[in-house]
Amino acid sequence: MSAGTKDDPWRLTTAPGTSEYTMYRDDEADPPALVCQVGTTKLSYRASAIDDLAAWLREQGDWVPLGAADENKPVIAGTIEAWGRDPVNPVGGWYGLRKGYRGRFGMYLPPLLEELGLIELTHDARNNRARAK
């Protein structure tokens with residue numbers, strides 16, 4: 001497994017396996033961030049999302065739909081995407097840091113947590129789900 005640094009990022013694929021992207025942790029950012037590079041698009045999320053999402057999935061105790069959506073699109077309640085924007089989550093709202101690109105939390109975070117051995121993730125063509133290990 002890679003180190004998850006800018007020089008040695010995690011190389012990941014979306015749950016359906018249709019898109020490749022890289023992600024690395026930037027602890028020098030304020031707040032510490034996960035930088036996600038998808039083609040020419042750069043997204044960033046709070047690094048605390050790793051532990052927070054893993055803990056939330058443990059609390060759910062079962063499979064949770066990913067529900068990935070762009071920032072300006074509505075989300076389906078009870079999904080990982082909805083939790084990543086919810087005012088009652090540990091950061092009080094969005095885990096996404098880059099305005100206009102704060103969405104897709106449910107698309108890009110679960111494969112990282114799977115890579116880190118924290119969750120199980122389905123890899124179907126659509127409607128993927130995750131659960132804590």
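Two strands count as paired here if DSSP finds at least two bridges between them. Helices (H or I, at least four residues) and strands (E, at least two) are DSSP runs, numbered from the N terminus.

Before you click, some ground rules. You are looking at a predicted model, where local features need pLDDT of at least 70, side-chain atom pairs count only at pLDDT 80 or more, and totals for chains, interfaces and linings use all residues. Residues are numbered from 1 along each chain as its sequence is written, and side-chain values use heavy atoms, with hydrogens and water left out.

**Stop 1: strand S7**

Select residues 129-132, which are strand S7. Now add Ile 119 and you'll find Ala 132 of S7 opposite. Strand S6 (residues 119-121) pairs with S7 in the antiparallel sense, over three bridges. Strand S5 (residues 64-65) is antiparallel to S7 too, with two bridges, and there Pro 65 stands opposite Arg 129.

Show the side chains of S7. Ala 130 and Ala 132 make up its covered face, while Arg 129 and Arg 131 are on the uncovered one. In a regular strand, side chains alternate between the two faces of the sheet.

**Stop 2: the four-stranded sheet**

Next, bring up S1 to S4. They form an open sheet in the order S1-S2-S3-S4, with antiparallel pairing. S1 (10-13) and S4 each have a single partner strand, so they stand at the edges with one side lacking a neighbour in the sheet. On average, neighbouring strands are turned by 30° against each other, direction ignored. (Axes are lines fitted to C-alpha atoms, for helices over the stretch in contact, and angles run from 0 to 180 degrees between N-to-C directions.)

Zoom in on strand S3 (residues 33-38), joined to S4 by six bridges. Pick Val 35 and its bridge partner in S4, Ser 44. Then turn on H3: this helix packs on the sheet and touches S1, strand S2 (20-26), S3 and S4, with its direction at about 75° to that of S2. Touching means contact, that is, heavy atoms within 4.5 Å.

**Stop 3: the rings**

Colour the aromatics. Rings of Phe, Tyr and Trp (its six-membered ring) pair if their centres lie within 6.5 Å; planes under 30 degrees apart are stacked, over 60 edge-to-face, and the rest tilted. The whole structure has six such pairs. Take Tyr 45 and Phe 105: their ring centres are 6.0 Å apart and the planes sit at 70°, so this pair is edge-to-face. It links distant parts of the chain, with Tyr 45 in strand S4 (residues 41-46) and Phe 105 in helix H3 (residues 105-115), 60 residues apart.

Are these two buried or exposed? Tyr 45 is buried at 0% relative accessible area, and Phe 105 is buried at 1%. Buried means under 20% relative accessible area, exposed over 50%, partly exposed in between (1.4 Å probe, protein chains only). Add Trp 56, Trp 83 and Tyr 95 to see the cluster that ring pairs make with Tyr 45 and Phe 105.

**Stop 4: a buried glutamate**

Select Glu 81 in helix H2 (residues 80-83). At 0% relative accessibility, Glu 81 counts as buried. Beyond its neighbours within four places in sequence, Glu 81 contacts residues including Leu 66, Val 75, Arg 104, Phe 105 and Met 107.

**Stop 5: helix H1**

Finish on helix H1 (residues 49-60), whose 12 residues reach 16 Å from first C-alpha to last. Among its buried residues are Ile 50, Asp 52, Leu 53, Trp 56 and Leu 57. Just after H1, look for Gly 61, which takes a positive phi of about 70°.

Technical notes: Expected span 1.5 Å × (residues − 1).
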